[in-house]
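Biologist: Could you walk me through this model and show how each label follows from its numbers? I'd like the reasoning, not just the verdicts.

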Amino acid sequence: MTVLVGAIIFLFSSVPNPEGGVGGSILSTIYHFGVFFMFTFFLSLSFKGGRLDRNAVLFVVFISLAYAISDEIHQLFVVGRFASVKDVGVDLIGSLSAILTLKIVSFYKKI
């Protein structure tokens, strides 16, 4: 699932925007949050069977952030697209939300 979500991110960021308009719509923000939530969620589950110690969390967040940055760099080479620090920030918030969700679920599973 992680690879599938990663491929979806790549495919959507490969779509040209001939008008060259600046993004920033609420739908764009929701998309970035959602896909990076899913990317990190599935990456976390595939890493150590979902058991996230401190090192695993750092590794998963690093991989997710690196993919977010590489996605924005990739968009520099697509007609009408641009790189956005805001998008990387929203991606990071989505990733951290996935980690937090998994930690909360893990906590309540122990009770």
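**Core and rings**

Modeller: Sure, and bear in mind that this is a predicted model. The largest nonpolar core has 15 residues, and those touching the most other members are I9, F36, F39, L52, V57 and I99. Helix 1 (2–13), helix 2, helix 3 and helix 4 (85–110) each give two or more residues to this core. Helix 3 supplies the largest share, five residues.

Biologist: What makes F39 count as buried?

Modeller: Buried means under 20% relative accessible area. F39 has 7% relative accessibility, so F39 counts as buried.

Biologist: And which residues does I99 touch, leaving out those up to four places away in sequence?

Modeller: With that filter, I99 touches T40, S44, L52, V57, V60 and V61.

Biologist: Now the rings. How many aromatic pairs does a search of the whole structure find?

Modeller: The search finds eight. One of them is F37 with F41, with ring centres 6.1 Å apart and planes at 10 degrees.

Biologist: Why is the pair of F37 and F41 called stacked?

Modeller: Two cut-offs decide that: centres within 6.5 Å make a pair, and planes under 30 degrees apart make the pair stacked. At 6.1 Å and 10 degrees, F37 and F41 meet both, so the pair is stacked.

Biologist: Where do F37 and F41 sit relative to each other in helix 2?

Modeller: They are four residues apart in helix 2 (residues 26–46), so about one helical turn separates them. F37 and F41 also belong to one aromatic cluster with F33 and F42.

Biologist: Why is F37 called partly exposed?

Modeller: Partly exposed covers values between the 20% and 50% cut-offs. F37 has a relative accessible area of 22%, so the label fits. F41, at 22% relative accessibility, counts as partly exposed too.

Biologist: What makes F39 and Y67 a stacked pair?

Modeller: Their ring centres are 5.1 Å apart and their planes at 15 degrees, so they satisfy the within 6.5 Å and under 30 degrees cut-offs. F39 lies in helix 2 and Y67 in helix 3 (residues 54–75), so this pair ties together parts 28 residues apart in sequence. Y67 counts as partly exposed, at 23% relative accessibility.

Biologist: How do you know that I73 is partly exposed?

Modeller: I73, in helix 3, has 45% relative accessibility. Exposed means over 50% and buried under 20%, so I73 falls in between and counts as partly exposed.

Conventions
Residues numbered from 1 in each chain as written. Predicted model: local features only at pLDDT ≥ 70, side-chain atom pairs only at ≥ 80, totals over all residues. Heavy atoms only, no water. Phe/Tyr/Trp six-rings, centres within 6.5 Å; stacked < 30°, edge-to-face > 60°. Buried < 20%, exposed > 50% of the residue type's maximum accessible area, 1.4 Å probe, protein only. Core = buried A, V, L, I, M, F, W, Y, C linked by side-chain atoms within 4.5 Å. Contact = heavy atoms within 4.5 Å.
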